[in-house]
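Here are a few short exercises to work through with the model open beside you. Try each task before reading its solution.

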Amino acid sequence: MLFSNRPRTHYEANPIHEVICQLRFPTILSINQTEPADFQEQIRDIFPQYACKQETLPPQIVNGKPVAQPPVNNYNFISMDNRWKINLTKDFIAVSTLSYSDWEEFAHMLDKPLASFIQLYKPAYFQRVGLRYMNLVSRAKLNLEGTPWAELIAPAYLGVLTEEDFSESNLLHYGYDVQLKLDSSSIAKIHAGPGKIQVKNSTAPQDPEVKFIFDMDLSMSGNTPCGLAAASLEMLHGHANRIFEGAITDTLREAMGQQ
């Protein structure tokens, strides 16, 4: 079953590694030209840390020839405890966390930055409303070492991993990718499969454990009025819950601990 109607559940051992909300809007050039001091002032009590990074974009193809694009300022605002980050560019605003507890906290942390952004910059609408959940299922953390993925993940995402003569020790690479229409305006891009997470810091030790990656990127296209952004995100969150619950087994639910 791809979608589950199980009631929403909080798990003690939450497998969510990162959550990102991104809202894209028609380009506002003033954001790239002037540091967002007024925006910072409105959110500085929650996001006191600031940094600006210049990003180089790939060249655009004009009349068959590559044309260099000017660099883009990516303004970062980070919470005092380093759990939350805002990214603001001329094309999007995003809120992300590597320490997700529940949707209510995430929505609360998004509320003020989004309201301040809309008030100050007055985007015409949002071209794309996106919500991404990166889940990492660790058998080591759940005391499930030796348990095959077929007992933890629904068959729809397992492919060859369900075959009787399959051995995990022989697996070199497996990934399942699918794009689904959720309703008239929403889609989900899902990547699922076992893999190792690479630490970007080359001096940090690499994690040798093979985890099950379940990456859901949900989005709503079309011109979403700014006043409906929060409701759109609530809808995407509801879809995400149905997809995730449909992707896991009762064995995994029990191991994660339902609150």
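## Exercise 1: The nonpolar core

In this predicted model, the largest nonpolar core has 61 residues, and F117, Y133 and F214 are those with the most contacts inside it.

**Task.** Find which residues Y133 is in contact with, leaving aside its neighbours within four places in sequence.

**Solution.** Start at Y133 and pass over the neighbours within four places. What remains is I16, E18, V19, Y100, W103, F214, D215, M216, L218, H237 and A240. F214 is in that list, and F214 is also among the core residues with the most contacts. As background, nonpolar side chains in soluble globular proteins tend to be buried together.

## Exercise 2: The cavity

**Task.** State how many cavities of 30 Å³ or more there are, and describe the lining of the largest cavity by class.

**Solution.** Begin with the count: there is one cavity of 30 Å³ or more. Next comes volume, which is about 40 Å³ for the largest cavity. Then list the lining: V137, I153, F212, F214, F244, A247 and I248. Sorting these by class gives seven nonpolar, no polar and no charged residues. Finally, look at the elements: β11 (211–224) and α4 (229–247) each supply at least two residues of this lining.

## Exercise 3: Cysteines

**Task.** Work out how many disulfides the structure holds, and decide whether C226 and C52 are buried or partly exposed.

**Solution.** The structure holds zero disulfides. For C226, the nearest cysteine sulfur is that of C21, 13 Å away; a disulfide needs the two sulfur atoms within 2.5 Å, so C226 is in no disulfide. Now turn to accessibility. C226 has 15% relative accessibility, so it counts as buried, because the cut-off for buried is under 20%. C52 has a relative accessible area of 35%, so it is partly exposed.

## Exercise 4: Two polar residues

**Task.** Place S116 and T249 in their elements, and say whether each is buried or exposed.

**Solution.** Take S116 to begin with. S116 lies in helix α3 (residues 103–121), and its relative accessibility of 4% makes it buried. Not counting residues up to four places away in sequence, S116 touches F39, Q42 and I43.

Now take T249, found in the loop between α4 and α5 (250–256). At 18% relative accessibility, T249 is also under the 20% limit, so it counts as buried. With residues up to four places away set aside, T249 touches E151, L152, I153 and A154. The C-alpha atoms of T249 and A154 are 6.2 Å apart, although 95 residues separate the two along the chain.

Key
Residues numbered from 1 in each chain as written. Predicted model: local features only at pLDDT ≥ 70, side-chain atom pairs only at ≥ 80, totals over all residues. Heavy atoms only, no water. Buried < 20%, exposed > 50% of the residue type's maximum accessible area, 1.4 Å probe, protein only. Core = buried A, V, L, I, M, F, W, Y, C linked by side-chain atoms within 4.5 Å. Contact = heavy atoms within 4.5 Å. 1 Å grid on protein atoms, 1.4 Å probe; cavity = no way out; pocket = protein on both sides within 12 Å on 5 of 7 lines; lining within 4 Å. Points joined across faces, edges and corners; volume = space filled by probe spheres on them. Helix = DSSP H or I, 4+ residues; strand = E, 2+ residues; numbered from the N terminus. Nonpolar A, V, L, I, M, F, W, Y, C, P; charged D, E, K, R; others polar.
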